[in-house]
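Welcome to the tour. Please open the model in your viewer, keep the sequence panel at hand, and follow along from stop to stop.

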Amino acid sequence: MQQRIFPIVLLLVTVSIFSQPKDSPAKKEAPTIQSTPTPAPSNSDHKPANHTETTKSGSPHWYISSEWWLVIIAGLTGFAIWYQAREMSKTTEIIGRQADLMKTQTEILVEYNKATREAANAAIKNAATASESVEFLIAKERMRISVEALPLNIPPPDEVLGHVVDYKITFHGPTLATFVEGFAESEITDSIESPTGNITWGISLPHIIPSGAEPGIRIAPLYRRLTQDEIYALFSGTSFMHFRGFICYKDVFDRKRWNRFNRVWQYSRLSRMDGTRWGYWSNCGRPEDNSETEPN
């Protein structure tokens with residue numbers, strides 16, 4: 001409203017200023033010198049006095065006056081300023097409405113993004129919960145195959161053709177499994193550290209292992225008979241018997257699993273009441289050499 005009133009007031013002030021009459025300097029100064037009368041013209045060139053006076057004293061047309069042109073220009077300028085101010089006011093109002101609309105749309109977009117993030121987080125949680133439920137079901141229903149090394153039995157060399165390590169394979173779980181491959185072997189060394197090299201003695205199991213299969217006793221051969229000195233070194237703790245290998249199988253969910261084992265037999269420094277020493281199996285090698293894993 002103030003932008004509209006200002007050009008109108010400016011126009012009125014301009015009009016009032018330029019419409020006031022201005023006194024001519026010729027009217028303010030009265031003639032002080034009387035001129036000598038001039039002889040009257042001849043009758044042929046004489047014009048009526050009233051006609052001459054009227055011609056000299058008549059005012060010029062308004063469109064010739066510079067004051068009126070200034071008034072017109074000022075009026076047009078004021079109108080242009082008022083019109084521009086009005087259009088700017090309309091433009092400002094439109095921009096304000098657009099800004100309000102954009103603000104509203106931004107708020108809606110923020111709320112939508114928030115709802116989308118919440119929905120995505122909920123979906124991730126639901127997926128994780130579903131995955132945990134599936135994994136729990138698989139862990140509960142699948143078959144597991146475990147390998148247990150039996151206590152080491154070292155008979156005298158003349159009583160056996162070769163020394164071996166006895167071990168037991170046990171099947172756990174309400175569903176069947178498919179045997180893929182397996183190897184197990186024994187070896188005696190002077191170090192408690194795990195030996196290196198490939199294992200060549202295979203494990204014999206049925207291709208389809210049913211649920212509730214009976215455990216079986218297997219042997220891991222040493223490929224030779226130990227000498228009496230080797231047996232004494234084993235009892236004295238200067239030699240060590242190793243048992244290592246793996247079993248690969250698929251559960252009912254078609255997931256391939258590897259059961260790896262790596263054990264070493266050690267005799268205790270303590271003796272029984274009858275003077276004999278007792279021994280035990282312990283894990284050897286890396287942690288992954290004694291674990292069940294699911295390969296990628």
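## The whole chain

Colour the chain by secondary structure and read along the sequence: the pattern is α-α-α-α-β-β-β-β-β-α-β-β-β-β. That gives five helices and nine strands, where helices (H or I, at least four residues) and strands (E, at least two) are DSSP runs numbered from the N terminus. Before you zoom in, note that this is a predicted model, in which local features need pLDDT of at least 70, side-chain atom pairs count only at pLDDT 80 or more, and totals for chains, interfaces and linings use all residues. Residues are numbered from 1 along each chain as its sequence is written, and side-chain values use heavy atoms, with hydrogens and water left out.

Now switch on the surface. The accessible surface of the chain is about 21500 Å², and carbon and sulfur atoms hold 59% of it; areas come from the Shrake-Rupley method with a 1.4 Å probe, and for residues only the protein chains shown count as cover. Of the 296 residues in the chain, 26% are buried. Here buried means under 20% relative accessible area, exposed means over 50%, and partly exposed is in between (1.4 Å probe, protein chains only). Among the contacts in the chain with a separation of 6 or more, 70% are between residues 24 or more positions apart, a contact being heavy atoms within 4.5 Å.

## Stop 1: strand 1

Select Glu 148, which lies in strand 1 (residues 144–149). Glu 148 is partly exposed, at 42% relative accessibility. Leaving aside neighbours within four places in sequence, you will find Glu 148 in contact with Tyr 167 and Lys 168. Then draw a distance from the C-alpha atom of Glu 148 to that of Thr 170: they are 22 residues apart along the chain and separated by 8.0 Å. Keep Tyr 167 in mind, as it returns in the ring cluster at a later stop.

## Stop 2: helix 5

Move on to helix 5 (residues 228–236) and show Ile 231, Ala 233 and Leu 234, which are buried. Looking down the axis of helix 5, you see these buried residues fall within an arc of 160 degrees, so they line one face of the helix; the arc is that of the directions from the helix axis to the C-beta atoms. Which exposed residues sit on the face of helix 5 turned away from its buried side? Select Gln 228, Asp 229 and Tyr 232 to see them. Step past the end of helix 5 and you reach Gly 237, with a positive phi near 90 degrees.

## Stop 3: the aromatic rings

The structure holds eleven aromatic pairs. Rings of Phe, Tyr and Trp (its six-membered ring) pair if their centres lie within 6.5 Å; planes under 30 degrees apart count as stacked, over 60 as edge-to-face and the rest as tilted.

Show Phe 243 and Phe 261: their ring centres are 5.1 Å apart and their planes at 25 degrees, so the pair is stacked. Phe 243 lies in strand 6 (residues 240–251) and Phe 261 in strand 7 (residues 256–271), so this pair ties together parts that are 18 residues apart in sequence. Phe 243 is buried at 0% relative accessible area, and Phe 261 is buried at 2%.

Next, add Trp 265 and Trp 281, whose ring centres are 5.2 Å apart with planes at 70 degrees, so the pair is edge-to-face. Trp 265 lies in strand 7 and Trp 281 in strand 8 (residues 277–283), so the pair ties together parts that are 16 residues apart in sequence. Both Trp 265 and Trp 281 are buried.

To see the cluster that ring pairs build, select Tyr 167, Phe 235, Phe 243, Phe 261, Trp 265, Tyr 267 and Trp 281 together.

## Stop 4: the salt bridges

Ten salt bridges are present, each a side-chain nitrogen of Lys or Arg within 4 Å of a carboxyl oxygen of Asp or Glu. Try these:

- Arg 86 and Glu 87, with the closest N and O atoms 3.4 Å apart. Arg 86 is partly exposed at 22%, as is Glu 87 at 27%.
- Lys 250 and Asp 254, at 3.7 Å from N to O. Lys 250 is partly exposed at 29%, whereas Asp 254 is exposed at 56%.
- Arg 286 and Asp 289, with the closest N and O atoms 3.1 Å apart. Asp 289 counts as buried, at 14%. Add Glu 288 to show the salt-bridge network that links Arg 286, Glu 288 and Asp 289.
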